[in-house]
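Biologist: Please take one helix of this structure and look at it closely, together with what comes after it in the chain. I would then like to see how comparable backbone features, the interior and the contact between chains fit around it.

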Amino acid sequence: MNFLDLIWLIPFLPLIGAGIMLLFGRRLSKTAIGIISPGSVLLAFLLSLGAVIQLAGLEKREHQVVLGPWIEFLHADWGYLLDPLSSVMILVVTFVGFLIHVYAVGYMGHEHGPNHGGFYRFFGYLNLFVFFMLTLVLANNFALLFVGWEGVGLCSYLLIGFYFHKKSAGDAGNKAFIVNRIGDAAFILGMFLVFQLTGSLRFTDMNAALDGGQFSPEVAGFGILSVTALLLFIGATGKSAQAPLYVWLPDAMEGPTPVSALIHAATMVTAGVYMVARASALFVLTPDTSMIIAAVGAFTAIFAASIGLVQNDIKRVLAYSTVSQLGFMFLAAGVGAYWVAIFHLYTHAFFKALLFLGSGSVIHAMGGEQDMRRMGGLKDKIPITFRVMFVGSLAIAGIPGLAGFFSKDEILWQTWSSPIGSKALFLVGLITAAMTAFYMWRLVFMTFYGEPRMDEHTKAHIHESPPVMTYPLIVLAAGSVAAGWIGIPRLFGENNLFQALEHWLAPVFAHGAVPAAVHHHSHAVEALLMAISVAVALGGIFFARHVYLRLKEEQRPAGGALYKVLLNKWYVDELYSFLFVNGLSKGGGTVMAEFDRRFVDGGVNGTAWLTRMVSNISIWYDTWIVDGLVNLTAFFVRALSFPVRFLQTGWVQSYALVFVAGVLLAAGYYWLGR
Amino acid sequence: MSEHLLSIVLFTPLAGLLVLLFIPGTQKNLIRWWANITAAAGFLVSLPLVFGFDKSRDGYQFVEKLDWIPALGVQYIIGIDGISLLLVMLTTIMGFLAIFSSWDAIDHRVKEYYAMFLLQQTGMIGVFISLDFLLFYVFWELVLVPMYFIIGVWGGPRKLYAAIKFFLYTLAGGVLMLLGILTLYFQHAAQTGVYTFEIAALMNTPMQLWVERLVFWSFFAGFAIKVPMFPFHTWLPDAHTEAPTAGSVILAAVLLKMGTYGFIRFSLPLLPQASSDAVIVNVLVALSLIGIIYGALVSLMQRDWKRLVAYSSVSHLGFCTLGIFALNQSGLTGSVIQQVNHGISTGMLFLIVGVIYERRHTREIKDYGGLAHVMPNYAIVFAFAMLSSAGLPLLNGFIGEFTILQGAFQANYLWGAFAVTGIIFGAAYLLWLYQRTMLGEVTNEKNKGLPDLNWREWAVFVPLMIWAVSIGVYPKPYFDILEKPVAQIVERVNSHRTAPVLAEIPRPEIDPR
C-alpha cells in the first residue's frame, strides 16, 4: 500500500473524529467517545508511521500531494508535503497526541453536569486541534500552514475556555487569541513579502528561489530579506510564547490539564519553532535576524525561568518552564542549529507532556488542588505518578543519559561554537539550565517529599490515578529516557545511529547559498562544557533539595524585593494591561467613541441643527421681511389712505357742505386778496 | 424567455408585490406565505444566471436594451458581469432569508412590511444590473423609499430620528451624484453631439483632469455616504440599531454594497484618470484605513449589542474600499469577495441579535451573560458567525481579507501594515462581545429558561453557514468569475495612470507550477 499518497488523510482522520464528536457526540456513550476519539489519532499515527517508513526508502526524501486548488494566485493549494522535517513533526504530534487523548479519557471522566460536563465537546475540540496541528506541519505552502496556525489557535481558545462558566477561563481564552493575533498580523505581512520576493507561497518554490543564488546573504545590513524573516519570527513569538508576546501562555493553564500538556506544551506552542525551521532557507540568509532570534530566545529562556523559580501553582511552574524551554529552541534556531531546535522540540514533547500529565495526576489525586504549598509527602500515596514525575524532572534538568540532556547540551554547545552564537549567550543558557534544575526539583520536593500540608479531608481522599491515566505516563516516561538516543554527540562516537536525527534532517537544512558552519573547537572543549552543564544541573537539584527538604520553613531565605518582583512575574501583565488593554484599546476606543458621538455625528446633527436654524431664520425673514414688506406696503397704502377715508364718507350732505365751504373759501380768498 | 432572464429576475419581486396588494390585510398568514413564495421565486429565477454565466467571456452578459426616454437618450439597458452576478445573487439570497426570518417578528402592518421588502428587492437588483446611468440613478433612489419606511414604521424607539437621518443623508449624497452624472452626460454630448446615459458610451468621454476630478468627488459623495466611509458613517449605527432585524440584515448585507459597487462600476472605469490620481487615491485609502481601525475601536466600547455590530461594518467596509483603491487585481477581487462575505457574516450577526431581541427585548450587552448555558445551539451559531467575521481561515472572511491585504500590501507596504492591525482589533471586539454575552454564569434571572433556536431560525442560519464554509474552503469559483471583469477595470485604470505609484521589487522568474 502506498502510504505516501495518502498523507492528506493523516490530518483528515482526526477531523472525521471531530466531526463525529461535535455533530453526534451528545448521543454517544462515554465509551464510544473514548474509543473513537483517541482511535482516530492512533490511526493517524499508524498512517504516519507507514508514510515515514516509505519516505525513508525514497531517493529524494520529499513527497508532495496536491488535492486541489485553494487560493490560486498565491500558489496556495490544498497541498501536503512530507519530508524529514514534517515527518518528525507528524510522528511527535500523533504519538504524543494519542497518549494524551487516552489519558484524557480518564482525566475528563469525572466531569459532572449535562453530557458528562461536555465530555463529547472536549474530545471534539481535541480532535479538531490534532487536525489543525497536522495541517500546520504537513502543509506544503505558507497559506495552508496559516490555516493550521489559526486553527490550532482557535482550538486553544476553545479549550482554554472549556470551563466557560469561570470568568478567568474566558479572560484567558481571549488573551491567548488576541495576543496570538498580534503575532499573526506580522506573520501575514511576512508571508506577503515572501510572495513578493519569490513569487510563490509554496515551500519548495521558496526554497528553490532562496537557495538558487539570486539572493546573497544580507551580511551588510538590514535588507528586505531580514525584514521578511523578522516579520515571520514575530509571528512565531506569538504562537510560541516568546518575549514580548509570551504572556498568554501561563494564563492558558485555565484549560483542563490534558490541554495544557498537548497544546500548551508538546505541540501547538512549538509551531513557531517549526515555522522558523521550515523557512530556514530564508533565515540563513539573514544573520542579523538570526542574531535577534537567538537573543530573544535566550532572554525568554532566562526570564521565564526566573519567574518559574518562585511560583506556587504547580501548573504555572510548568507553564513558565515551557516558555523557557521554547526559548532554548529559538536560541538553537537563532544560532543556525535548526536540527537541534527540532531535536529539543521532540525531546521536550515527551518530558513536558509527561510533567504536565503527571501534574494533572497529582491535581486529580488532590481533588483539584494546584497550590504546592498545600501538598507534600505524596511520594508513597501516588507511587506511579511520583516515579514518572521523577524521571521527567531528571530529563528536563539535563541529567546525562536522559532525553533532555542530549538536546539541551547540544543547544549549549552550538551556542558556544556557532559563528552567530557567543560566549555570553552560552552563559545565559547555562544559568537557565541551573535555574531549570532548581525550579523543577523545587516542584518535586514540594509536592512529593516532606510533611503533608493538605487538610485531613483531602488527605483521606488521595488516590493513584486509574490505569488509563498511568499507562500513558509510563510510556511517556520511557520516551523521556530514550528519546534522546538518536542525537548523541559525536564526542561519544560517530555513527549512523548516534547521529540519526541529524542525518535524517540534514537535507532539509542544507542550503546551497550558505555552507554549514565548520566547528573549530576540539572535543576537549566540548567535553569540558558538558561537564560544567552537568555540574550546574546537579547543583540546581541539590540546592533545591537543601532549601525545600533540609531547611525548615522559617529558615528559608526570606522573600526580599526581588522575590516579590518574581512572584509578580516582573509586573509585565500589569504593564501590558495598563498600556494595551486599558490604554490603547479601551482608552482609545472610549476616546474614539466619544469623538464619533460628539464630533463626527455631532457634525451631522450640527448640520441638521444648522439647517433647522437657517430654516427658522428663513421663516422669521419670510414672516417679518418678505411678507412684512408686502404687509408694509399694504399698511403704507392704508396709512396713506387714512386721511382720505374721512373725506370719502359717502354722505351727500357732507359733500355738499365741503362743496359750499370750498366755494366760500375760494370766493373769500378772491375778495380778501384784492 | 432566456433573452429576458435578467428582466425576469428584476421584476419578479415587483410582480409579487402587485399580487400582494390584492390580498386583504387581515389575511396575515396568507400575506406571509405569498411574500415568502415570491422571495423564494426571486431566488430561484436568479439561479439560471449562475449556470448560464460564461466566466471566460469579456464584457456583459444577459444584456437587454430598449429605448426608454429617447428624447433624453435614456435607455433601459441591463446586463451583468462577474461583479454584478455575485452581488445579484447576494441580493436574492439575503432578500429571501431576510423575508423568511420576519415571519414571527412582524405582526402589525404585515402587508405594508412585505410590500416594502419586495419593492426594495427590485430596487437593489436594478442598481446592480443597470448599464444606463439614469436608470441606475432611478433604482438607486428607489431603494431609499422602502428602507425609510421599514426603519420608520417597524423600527425601535428612536426610529423616526434614524429613518429621517438615513433618508436625508443618503439622499443628499445621491443628489450630488446626480450632478456628476449630468456633468458627464453634457460633457459627452458636447464632444460627440450624442445625448446618452449609456455607460459604454460614456466610457469614451475624454475629459480634462479637473473635470474628471470634479465628477469623481460628486460620485464620491453618493458612494462614500452609502458605503459608508469614514467620516460619513454616522447614519449607519442609528439606522442599523433602530431598523427591525430583517431591515438591518438587508441594510448591511446588500444596501451598503451599492456604494462599493458604485466605485467599482462607475468611478473607476468612467473616471480612470481621477481614480488613479495620486491625491485622490491617497485620500480614499487614508479614509479606508481610518475606517478599519477607527470602526473597530469604536465598536469595542459599544454598550449596545446591535450598535457594536453596526460599527463593525464600518471597519469591514473599510477593507472593501481599501481593496478597491489598491487598484490591482488582488485588491479589487478581494474587495468584491469581501462584499459578499460581509453580507454573510454581518447578516448572520444581525440575525443573531434579532434572535435574542425577540426573546428579551433588550439590546444592552450588560443584560446578558452566560447564554451559552441556556441556549447552547445559539452559542455555537454565534461563535461561527464571530469566527467568520473575524476572518478565521477556512471560513469566508479570511479569503476576502487576506486577498485585500495582499493587494494593499502590493500597492504600498504601509497600507498593508496599517490595515493588518484591523484583524487584531476585529478579533478583540468580537471576542469580548462573545465573552460578555455568552460565557460566564447566567447572572440575569430573566435569561434563565430562554428557548434555544427553533427550526425556522435554524433554517435561516444553516444555508449561511454552509455558504461561509464553501467560500472558505473552495474560493476558486469566485476568483474565476471575477478574474475577467476585474482585470478589465484594473487595466483601464492603470493605462490612464499618469505616474507609477510604486516601484516593484525585482522578482526572479519562477515556474508557476
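Modeller: A helix here is a DSSP run of H or I with at least four residues, and helices are numbered from the N terminus. The model is predicted, and the part I have chosen is helix H8 of chain A, residues 224–239. Its 16 residues reach 23 Å from the first C-alpha to the last, which is close to the 22 Å expected at 1.5 Å a residue. Because 14 of these 16 residues are buried, H8(A) is largely enclosed by the rest of the structure. The helix is followed by A:Ala241, whose phi is positive, near 55 degrees.

Most residues other than glycine have a negative phi, and most peptide bonds are trans. A positive phi near 55 degrees is also found at A:His75, in the loop between strand S1 (63–71) and strand S2 (76–82) of chain A, and again at B:His361, in the loop between helix H14 (329–360) and helix H15 (371–374) of chain B. As for their surroundings, A:His75 is buried, because 24 other C-beta atoms lie within 10 Å, whereas B:His361 counts as exposed, with 10 C-beta neighbours inside 10 Å.

Chain B has its own helix H8 (209–226), and the loop between that helix and H9 (235–242) holds B:Pro228. A cis peptide bond joins B:Val227 to B:Pro228, with omega about -10 degrees. B:Pro231 also lies in the loop between H8 and H9 of chain B, and the bond joining B:Phe230 to B:Pro231 is cis, with omega about 0 degrees.

Turning to the interior, the largest nonpolar core has 418 residues, and those with the most contacts inside it are A:Ala341, A:Ile342, A:Ala353 and B:Leu322. Leaving aside neighbours within four places in sequence, A:Ala341 is in contact with A:Val273, A:Ala277, A:Met329, A:Ala332 and A:Ala333.

Between the chains, 41 residues of chain B are in contact with 44 residues of chain A. On the chain B side, helices H12 (278–300), H17 (396–411), H18 (413–438) and H20 (476–495) each supply at least two residues, and H18(B) gives the most, with eleven. By class, this side of chain B has 29 nonpolar, nine polar and three charged residues.

Terms used
Residues are numbered from 1 along each chain as its sequence is written. Chains are lettered from A and ligands numbered from 1 in the order in which they are written. This is a predicted model: local features need pLDDT of at least 70, side-chain atom pairs count only at pLDDT 80 or more; totals for chains, interfaces and linings use all residues. The expected span of a helix is 1.5 Å times one less than its number of residues. A residue is buried if 20 or more other C-beta atoms lie within 10 Å of its own, exposed if 12 or fewer, and partly exposed in between; C-beta atoms are placed from the backbone. A nonpolar core is a set of buried Ala, Val, Leu, Ile, Met, Phe, Trp, Tyr and Cys residues joined through C-beta atoms within 7 Å. Two residues are in contact if their C-beta atoms, placed from the backbone, lie within 7 Å. Ala, Val, Leu, Ile, Met, Phe, Trp, Tyr, Cys and Pro count as nonpolar, Asp, Glu, Lys and Arg as charged, and the others, Gly among them, as polar.
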